[in-house]
Amino acid sequence: MPEPDDGPAGVLGAIGGTPLVELAKLAPGRHFTTYAKLEAFNPGGSMKDRSALEMLRGLIRGGTLVPGRSVVVESSSGNLGIGLAQVCAYYGLRFICVVDPRTNRQNIAVMRALGAEVEEVSECDPATGEYLPVRIRRIATLVARIPGAYWPNQYANPLNPRAHRQTMREILEAVPGGVDYLFCATGSCGTLRGCAEYVRDRRLPVTVVAVDARGSAIFGGVPMPRLIPGHGAAVRPALYRDGLADEVVHVTDLDCVVGCRRLAAREAVLAGGSSGALVAAVEQLADRIPAGARCAMVLPDRGERYLDTIYDDAWVTRHFGDVSHLWKETKLATNSATKGASC
C-alpha cells in the first residue's frame, strides 16, 4: 500500500499543473484576450481531482482514514465522484458515491471502473423538487450505518476551496501580464472561493466573475429544473460567502450547449457543460470588458462525458429544437429559454 508523504505519489502526482491556452479563434475581432485553463488534463479528467486529493490526503497521512477499515461517502454529480474514486483506489479505501438520475451514465461507469460503489436516489425532495437534499439525507443514513464512514462534504469542507488557491496561482503565473477578469463556474463554490480568496488576500486587481445556472439558488435565485449538471445548486452551499464575486452571470442550459459546441467547432476544445456556461458568460460581458484586458476561464472538465447529451444532435433537438445555427454564428443566444427538465 503506497504511503502518503509530503507530496502526492503515482498518478495523483499528475494532479494540477494543467495547461493554459489562448482562445484566439473563439470570437475573432474581440478587443480583449481570452485564456482557458484546461482542467480536463488532470488524470481524472476534471478540476475536482484537486479538491478530492486535498480533502483526503491529510487524513490519510495522519492515520484518520485507514485502508481496509475506513469508508469515504460523498454526493456527486460525477466529477468529484471520479476524483474521490481515483484517490481512494490508489490508497485502498472503500468509496461510496451517492448520485441521482441526472448524473451522466459515463461518469458512473468511470467511478465503478475505479472500484467505487454507486448508490442512486430516485425521488426528488418534496419541499424543493430537487435531488440534492435527498442525496444528502442518503449520505447521513450511510454514515450512521457504516462503521468507519467519513463524509468529506464538498459543500462545506474548507479544504475544497484551499485546493483552488493553487489553481489561481497557476493561472496568474501562466497569463502574460497577469489576469484582469477571472470566470469561474459555481457549484459547491470551492473553485470560486479558493480563487477569489487568493486574489483578495494579495489585493490583486482581478475582477472575479461567478457563472451560475439560471434556476440555481446559490446567489439567491429560485430553484428551477435544469438539464445540465456541474454548475448551479438547488441549495446554497455552506462554502458560499457574500462578496466572493465582483460580478454574477446566470446562463441557461441552451447557453451551455451553444458555448460547448462553439468551443469544439472553433478551438477544437471538447469540454463539458460548465465550460459552455463560461463561454456564454464571457459573451454576455464582452461589451463591458475594456480593450486590452486579459480574461481567464477555468474550464472544469472534458466533453467526452457529454457525448450523448450536449454533443448529440438528436438530444439537442429534442430539448431545444433546431438550434444548430446558434453555434455557427458569432453571437450567442444568451437570453434563450430552455424547456428544462423535471424530476
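This section describes the two sheets and the aromatic contacts of a predicted model.

The larger part of the description concerns a sheet whose strands follow the order 1-2-10-7-8-9. This open sheet is built from 6 strands, and its pairing is mixed. Strand 1 (20-22) and strand 9 stand at the edges with a single partner strand each, so one side of each is left without a neighbour in the sheet. On average, and with direction ignored, neighbouring strands of this sheet are turned by 25° against each other. At one end of the order, strand 1 pairs with strand 2 (residues 33-38) in the antiparallel sense over 3 bridges. Within this pairing, Leu20 has Lys37 of strand 2 as its bridge partner.Strand 7 (residues 181-185) belongs to the same sheet, in which it stands between strand 10 and strand 8 in the order. Strand 7 is mostly covered, as 5 of its 5 residues are buried. Both of its faces are covered: Tyr181, Phe183 and Ala185 are buried on one side, and Leu182 and Cys184 are buried on the other. Strand 7 runs parallel to strand 8, to which 5 bridges join it. Leu182 has Val208 as its bridge partner in strand 8. Between these two strands the chain passes through helix 6 (residues 190-201), and the resulting β-α-β crossover is right-handed. Strand 7 also runs parallel to strand 10 (residues 294-299), with 3 bridges joining the two. In this pairing, Tyr181 stands opposite Cys295 of strand 10.

A further open sheet consists of 4 strands in the order 5-4-3-6, and its pairing is parallel. Its edge strands are strand 5 (117-120) and strand 6 (149-150), each of which pairs on one side only. Strand 4 (residues 94-99) and strand 5 run parallel and are joined by 4 bridges. Cys97 stands opposite Val118 in strand 5. Helix 4 (residues 132-145) packs on this sheet and touches strand 3 (71-75), strand 4, strand 5 and strand 6. The direction of helix 4 makes about 165° with that of strand 3.

Aromatic side chains were examined next. Two rings count as a pair if their centres lie within 6.5 Å, and by this rule the count comes to 3 aromatic pairs. One of them joins Phe219 and Tyr240, whose ring centres are 5.6 Å apart; their planes stand at 80°, so the pair is edge-to-face. Both residues lie in the loop between strand 8 (207-213) and strand 9 (247-251), and the pair therefore ties together parts that are 21 residues apart in sequence. The two partners were also assigned to accessibility classes. Phe219 has 22% relative accessibility and counts as partly exposed, whereas Tyr240, at 13% relative accessibility, counts as buried. Trp315 and Phe320 form another aromatic pair, with 6.1 Å from centre to centre and 70° between the planes, and this pair is edge-to-face. Both Trp315 and Phe320 are buried.

Arginine side chains lie over the faces of tyrosine rings as well. Arg236 lies over the face of Tyr240, at 4.0 Å from the ring centre. Tyr240 thus has Arg236 over its face and is also a partner of Phe219 in an edge-to-face pair. Arg202 lies over the face of Tyr198, at 3.7 Å from the ring centre.

Methods
Residues numbered from 1 in each chain as written. Heavy atoms only, no water. Phe/Tyr/Trp six-rings, centres within 6.5 Å; stacked < 30°, edge-to-face > 60°. Buried < 20%, exposed > 50% of the residue type's maximum accessible area, 1.4 Å probe, protein only. Lys NZ or Arg CZ within 6 Å of the ring centre and 35° of its normal. Pairing = 2+ DSSP bridges. Right-handed = clockwise from strand over helix to strand, strands pointing away. Contact = heavy atoms within 4.5 Å. Axes fitted to C-alpha atoms, helices over the stretch in contact; angles between N-to-C directions.
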